[in-house]
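Colleague: I am new to this structure and would be grateful for a close look at a single part of it. Please choose one helix and set it in the context of the chain.

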Amino acid sequence: MYAGFWKRFLAHLLDYTILFVTIRLIDTLPFVTIGFVSAFVKMPNFLEFVSHLDDVSVRILGAIIIFGPLLLDWLYHTIMESSKCRGTVGKLATGIVVVDENNEKISFGRANARYWGKIISLVTIFVGYIMVAFTAKKQALHDKIACSYVVNKKWLNYSEYIKLNSQIEVTVPAPAPGVNRLSVPLNKEEQ
């Protein structure tokens, strides 16, 4: 039912591999652009180009490089976990999803609380993450903060199937007169 520590750890590794590559591409994009512009403007090097930029442009470039990765990481986790997917690409690849106490998708607010709660899990020297191995419902500290659960998607699909089909009544016909149900042989060896 609940996703264990190692499955969640693998999902985390997959997500951060994706994010690392994406963030490196975004971080290098301004420098590649500056390199192309400096080549076309016939400036021999990067430092000469930067000397022509005003102070505001340099600050904006610095803010993009510093805060861009944090913004991308926050948006990636928060939007993906509060969407119909119910999890990030890494979670979906490992077959786990994030749900609330009613096995429904979590809201954007809960996904936001879950993301920022991960910082507390990091500050506690990963104790917040290790809690998954020792809690009954396999919740990390950020899951407890957001009242969320990470469950196996197969189990969730099965529980939804049971919920939908539990309303169907199955009628069993009455046995023939004089026949006891318990006296009917169940297999060929009993005959």
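Modeller: The account below concerns helix H5 and then turns to its surroundings.

The model is a predicted one. Its chain holds eight helices and two strands, and from the N terminus these elements follow the order α-α-α-α-β-α-α-α-β-α. Of the 191 residues, 29% count as buried.

Helix H5 comprises the 16 residues 108-123. At 1.5 Å a residue a helix of this kind should span 22 Å, and the end C-alpha atoms of H5 lie 23 Å apart, so the two values agree. Which residues of H5 are buried? They are Ala111, Arg114, Tyr115, Gly117, Lys118 and Ser121. Because these residues cover an arc of only 165° around the axis, they fall on the same side of H5. A general property of helices is relevant here: an α-helix has 3.6 residues a turn, so residues three or four places apart point the same way. Just after H5, isoleucine 125 adopts a positive phi of about 55°.

Two of the buried residues of H5 lead outward to other parts of the chain. Ala111 belongs to the largest nonpolar core, whose seven residues also include Ala3, Ala11, Ile96, Val98, Ile106 and Val150. Arg114 is in contact with valine 150. Apart from its neighbours within four places in sequence, valine 150 also touches Tyr2, Ala3, Arg8, Ile96, Val97, Val98 and Asp143. A separate core of five residues has Val97, Tyr149, Val151 and Leu156 among its members. For the chain overall, 65% of the contacts between residues at least 6 apart in sequence join residues at least 24 apart.

The UniProt record, an unreviewed entry, annotates residues 12-36, 56-76 and 115-136 as "transmembrane region". In the model, residues 12-36 are 100% helix, with end C-alpha atoms 36 Å apart. Residues 56-76 are likewise 100% helix, and their end C-alpha atoms are 28 Å apart.

Helix H3, residues 55-82, offers a second case for the length test. Its 28 residues should span 40 Å at 1.5 Å a residue, and the end C-alpha atoms are 39 Å apart, which agrees. H3 nevertheless has a kink of about 45° at phenylalanine 67, shortly before proline 69. Proline 69 is itself one of the buried residues of H3, which also include Leu61, Asp73, Tyr76 and His77.

Definitions and conventions:
Residues numbered from 1 in each chain as written. Predicted model: local features only at pLDDT ≥ 70, side-chain atom pairs only at ≥ 80, totals over all residues. Heavy atoms only, no water. Helix = DSSP H or I, 4+ residues; strand = E, 2+ residues; numbered from the N terminus. Expected span 1.5 Å × (residues − 1). Buried < 20%, exposed > 50% of the residue type's maximum accessible area, 1.4 Å probe, protein only. Arc of directions from axis to C-beta. UniProt positions renumbered as here; feature names shortened; annotations may be inferred. Bend = angle between axes of the 7 residues up to and from the residue. Core = buried A, V, L, I, M, F, W, Y, C linked by side-chain atoms within 4.5 Å. Contact = heavy atoms within 4.5 Å.
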